[in-house]
Amino acid sequence: MSDQPLDVRQASTALSALAGLVDRYSKAEHAVAPGGHVQTISPGHYTVSGLSRHVRLGEFVAHKSATGIHLGEVVKVEPETVVVCPIEPGEPIGIHDTVIRKGAFRVAPTASWCGRTINSLGEPIDGRGPMMQGDVRRAISTSAPPSMTRQRVEHGFRTGVRAVDIFSPLCLGQRLGVFAGSGVGKSTLLSMLARADAFDRVVIALVGERGREVREFIEDTLGDNLKKSVAVVATSDESPMLRKMAPLTAITIAEHFRDQGDNVLLIIDSVTRFAHAIREVATASGEPPIARGYPASVFTELPRLLERAGPGPEGTGTITAIISILVDGDNHNDPIADSTRGILDGHIVMDRSLAEEGRYPPINPLSSVSRLARKAWTPDQEMLVSRLKSLIHRYEETRDLRLIGGYRAGSDPDLDMAIKQVPVIYDILKQTPGERPAFDAFTDLANALKAGAGGQQARR
C-alpha cells in the first residue's frame with residue numbers, strides 16, 4: 001500500500017482525470033472547424049453568432065454565400081456574437097449564412113514574386129498568370145524583432161537625389177518619412193528614391209492610390225529595378241480592409257527577403273491612407289474617436305507596422321523604409337503626422353511654397369532631419385552642411401528686409417555670402433524625375449559653387 005496520504009492520492013487522481021478531459025476536448029475542438037451563422041447585417045460589417053469562443057481579434061473568417069466563399073476579419077468579439085468586416089466590397093451576405101474560422105491571414109512569398117504586381121491578398125493583378133508559392137507561409141500581422149537582437153544601423157548609401165544626399169542622408173535600415181500636402185510632389189520624390197541602386201529587393205505598397213497612376217508608377221518609375229521589385233496595390237475604390245492590409249502584406253514580403261540576407265527598400269505611399277482605412281473599419285465596429293476623428297486603434301497599429309521595418313536580427317539583411325505621410329490641410333502637426341514623426345528615424349518636409357516657386361523636389365532643407373545623418377556624413381561634410389544651413393537660414397530670415405531695399409551690401413559679411421551662394425545652392429538642388437541620379441551630390445555642389453564664384457569674379 002502507498003505511504004502517501006489519502007487526500008494527496010485523491011488530488012493526484014482528480015488532476016489526471018481533468019487532464020484527460022482537457023485532452024479529449026482539445027482533440028474534439030480541432031476535429032471540427034468552428035462555425036457560426038450571420039445574425040445581423042450593416043453597411044460596413046456583419047455579426048456572427050456561434051464563434052465567440054473560437055476566434056480571436058484580428059483573425060479571419062470565411063463566409064459561404066451563393067456566389068462563393070468570401071473572407072472577413074474579426075474586429076470585435078462579444079460574449080454571444082463577433083463583428084466581422086468583409087474584405088471585398090459589395091459582398092453578398094444573407095441572414096443565417098454559414099461562417100467558419102480561418103485563423104490568421106498568411107502569404108507565402110518567394111523570389112519568383114519579383115517583377116509582379118499583386119493585391120492585398122497576395123493574388124496577381126498584372127494579367128501574367130498565377131504565381132508560385134513559397135515554402136513558408138507568414139502571418140501578415142506579426143511583431144517586430146526584439147530590440148536587443150537587431151543589428152545596429154551603420155552604413156549610409158546614396159539615393160541619387162541631391163537634396164536628400166546632402167541635407168538628409170540615409171542609412172541602410174533607416175525609416176524615413178516624407179511629409180507633404182496633396183499635390184506637392186511626394187509621389188514623384190518617392191519614384192526618384194525608388195531608383196536607388198543600393199538594394200537587392202524593392203517592395204512597394206500603393207495604398208489608396210488613384211487607379212490610373214498605378215501602371216505609370218510601376219512601369220515608368222522602376223525601370224530596370226522592376227525585375228527585383230514587388231508591388232502591392234490597393235486603390236482608392238477598394239474596401240477599407242484591403243487598403244488596411246496592403247502595407248501589412250508588403251512588409252511581410254519585405255521581411256521574407258530580409259531573412260534571406262537581402263537589403264530591402266520598402267516604400268509605402270501613403271501611411272495616412274492606411275490610417276484612414278483603420279479609422280473606417282474601427283468606426284464601423286463602434287470604436288469611439290479620440291483625436292480629430294481617429295480612434296485609439298490607429299495609434300496602436302501605426303507603431304506596430306513601422307517598427308517591423310529597420311535592421312533585422314544578426315545574420316539577416318535590412319529593411320530601409322521610406323514612408324509618405326499626407327498632411328491634411330498642410331498641417332504638419334495633425335495627429336497622424338505628429339504620431340508618425342515620433343516613430344521614424346527622420347523626416348523630409350516638402351513645402352508647397354517651394355513647389356509654387358518651381359523648385360522641385362520642393363524639399364525644405366531647414367525643416368528636414370535625418371537622425372542617422374552622422375553615420376552617413378564624413379566630419380568635413382557635417383561641418384559643410386551645418387554652414388550651408390546657417391547661410392540658408394540667414395538668407396530666408398532677411399528676405400523681406402532685402403525686398404524692400406532695407407539692406408546695404410557690405411554691412412554683414414555672412415549675409416553677403418548668403419546672398420551670393422544660396423541661389424546657387426537652390427539651383428543645384430533642383431532635380432527632375434527624368435534626370436540621371438546624382439552620383440556624388442557633394443561634388444556637384446562644390447562644382448556649382450566654384451562656377452558661381454568664377455562667374456562673379458569674371459563680371460567684376
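**Exercise 1. Find which residue stands opposite Ala205 in strand 15, and place that strand among its neighbours.**

Step 1. In this predicted model, Ala205 stands opposite Ile268, a residue of strand 15, where strands are DSSP runs of E with at least two residues and helices are runs of H or I with at least four, numbered from the N terminus.

Step 2. Strand 15 pairs in the parallel sense with strand 13 (residues 201-209) over six bridges, and pairing requires that DSSP finds at least two bridges between two strands.

Step 3. Strand 15 also pairs with strand 19, again in the parallel sense and over six bridges, with Leu265 opposite Thr320 in strand 19.

Step 4. Six of the seven residues of strand 15 are buried, so this strand is largely enclosed by the rest of the structure; buried means under 20% relative accessible area, exposed over 50%, and partly exposed in between, with a 1.4 Å probe and protein chains only.

The model is predicted, so local features need pLDDT of at least 70 and side-chain atom pairs count only at pLDDT 80 or more, while totals for chains, interfaces and linings use all residues. Residues are numbered from 1 along each chain as its sequence is written, and side-chain values use heavy atoms, with hydrogens and water left out.

**Exercise 2. Describe the second largest cavity by its volume and its lining.**

Step 1. The volume is about 40 Å³, taken as the space filled by probe spheres set on grid points that are joined across faces, edges and corners. A cavity is a set of points on a 1 Å grid over the protein atoms alone where a 1.4 Å probe fits but cannot get out, and lining residues have an atom within 4 Å of a point.

Step 2. The lining includes Arg175, Ile251, Leu266 and Ile268. Two or more lining residues come from each of strand 15 (263-269), helix 7 (296-306) and strand 19 (318-326).

**Exercise 3. Work out which parts the salt bridge between Asp412 and Arg394 ties together.**

Step 1. The side chains of Asp412 and Arg394 meet in a salt bridge at 2.3 Å, N to O, a contact that needs a side-chain nitrogen of Lys or Arg within 4 Å of a carboxyl oxygen of Asp or Glu.

Step 2. Asp412 lies in the loop between helix 12 (399-403) and helix 13 (413-429), and Arg394 in helix 11 (residues 379-397), so the pair ties together parts that are 18 residues apart in sequence.

Step 3. Asp412 is buried, with a relative accessible area of 17%, whereas Arg394 is partly exposed at 27%.

Definitions and conventions. On a 1 Å grid over the protein atoms alone, a cavity is a set of points where a 1.4 Å probe fits but cannot get out, and a pocket is an open set with protein on both sides within 12 Å along at least five of seven lines; lining residues have an atom within 4 Å of a point.
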